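Here is a short tour for a newcomer. Please keep the sequence and the 3D view side by side while reading.

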Amino acid sequence: MQLALVLGIPLALASLSFVVPRVRAFGAINAIGHLCVLAAASWIAASRAGGASPLAYACFFRVDALSAYFMLTVALVDLAAALYTTGYVASDLKDGDLSE
């Protein structure tokens with residue numbers, strides 16, 4: 001379930017970017033979505049660090065303690081990038097470099 005969230009939320013956000021017309025509104029939705037990805041990755045990392053058996057999803061994706069650590073690291077950088085780009089795009093909108 002958690003792995004499906006980590007994989008599915010970014011796909012849903014990418015699809016949602018075509019539907020939400022306002023860039024600023026999507027920036028907030030994007031940041032909240034990537035915060036949820038970080039929460040799910042933290043949940044996975046905490047359960048794997050406790051010595052739980054590797055997590056398997058659809059007999060294709062397997063998550064052990066090391067891959068959970070890297071998943072958590074990538075999710076943290078992902079959230080930082082989502083938060084930074086919200087301000088970056090707002091600045092470009094204000095300067096007229098981008099249009100909504």
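## The loop residue Phe18

Where is the place of Phe18? Phe18 sits in the loop between H1 and H2. Keep in mind that this model is predicted.

Is Phe18 buried or exposed? Phe18 counts as exposed, because its relative accessibility is 73% and the cut-off for exposed is over 50%. Next, look from Phe18 to Ala81. Along the sequence, 63 residues separate Phe18 and Ala81. In space, their C-alpha atoms are 19 Å apart.

## Ser15 in helix H1

Helix H1 covers residues 2–16. Ser15 belongs to this helix. The relative accessible area of Ser15 is 45%, so Ser15 is partly exposed.

How far is Ser15 from Tyr57, C-alpha to C-alpha? The separation is 23 Å. Along the chain, Ser15 and Tyr57 are 42 residues apart.

## Tyr57 and the surface patch

Tyr57 is part of strand E1, which takes in residues 55–57. With a relative accessible area of 35%, Tyr57 is partly exposed.

Which residues join Tyr57 in a nonpolar patch on the surface? They are Leu7, Phe60 and Phe61. Together with Tyr57, they have about 400 Å² of accessible area. Tyr57 can be in such a patch because its relative accessible area of 35% passes the cut-off of over 30%.

## Ala39 in helix H2

Helix H2 runs over residues 23–49. Ala39 lies in this helix. Ala39 is partly exposed, because its relative accessible area of 47% falls between the limits of 20% and 50%.

Now compare Ala39 with Cys59. In sequence, they are 20 residues apart. From C-alpha to C-alpha, the distance is 23 Å.

## The largest pocket

How much space lies in the largest pocket? The volume is about 190 Å³. Eleven residues line this pocket. Val23, Phe26, Gly27, Thr85 and Val89 are the lining residues nearest its centre.

Which helices each supply at least two residues of the lining? They are H2 and helix H3, the latter covering 65–95. By class, six of the lining residues are nonpolar. Another four are polar, and one is charged.

## Looking back

Return to the view with three places in mind. Phe18 is in the loop between H1 and H2. Tyr57 is in strand E1 and shares a nonpolar surface patch with Leu7, Phe60 and Phe61. The largest pocket draws at least two lining residues from each of H2 and H3.

Terms used
Residues are numbered from 1 along each chain as its sequence is written. This is a predicted model: local features need pLDDT of at least 70, side-chain atom pairs count only at pLDDT 80 or more; totals for chains, interfaces and linings use all residues. Side-chain values use heavy atoms; hydrogens and water are left out. Patches are made of residues with over 30% relative accessible area and no salt bridge: like charges are joined within 9 Å, nonpolar side chains (Val, Leu, Ile, Met, Phe, Trp, Tyr) within 5 Å. Accessible areas come from the Shrake-Rupley method with a 1.4 Å probe; for residues, only the protein chains shown count as cover. A salt bridge is a side-chain nitrogen of Lys or Arg within 4 Å of a carboxyl oxygen of Asp or Glu. Helices (H or I, at least four residues) and strands (E, at least two) are DSSP runs, numbered from the N terminus. Buried means under 20% relative accessible area, exposed over 50%, partly exposed in between (1.4 Å probe, protein chains only). On a 1 Å grid over the protein atoms alone, a cavity is a set of points where a 1.4 Å probe fits but cannot get out, and a pocket is an open set with protein on both sides within 12 Å along at least five of seven lines; lining residues have an atom within 4 Å of a point. Grid points are joined across faces, edges and corners, and a volume is the space filled by probe spheres set on the points. Ala, Val, Leu, Ile, Met, Phe, Trp, Tyr, Cys and Pro count as nonpolar, Asp, Glu, Lys and Arg as charged, and the others, Gly among them, as polar.
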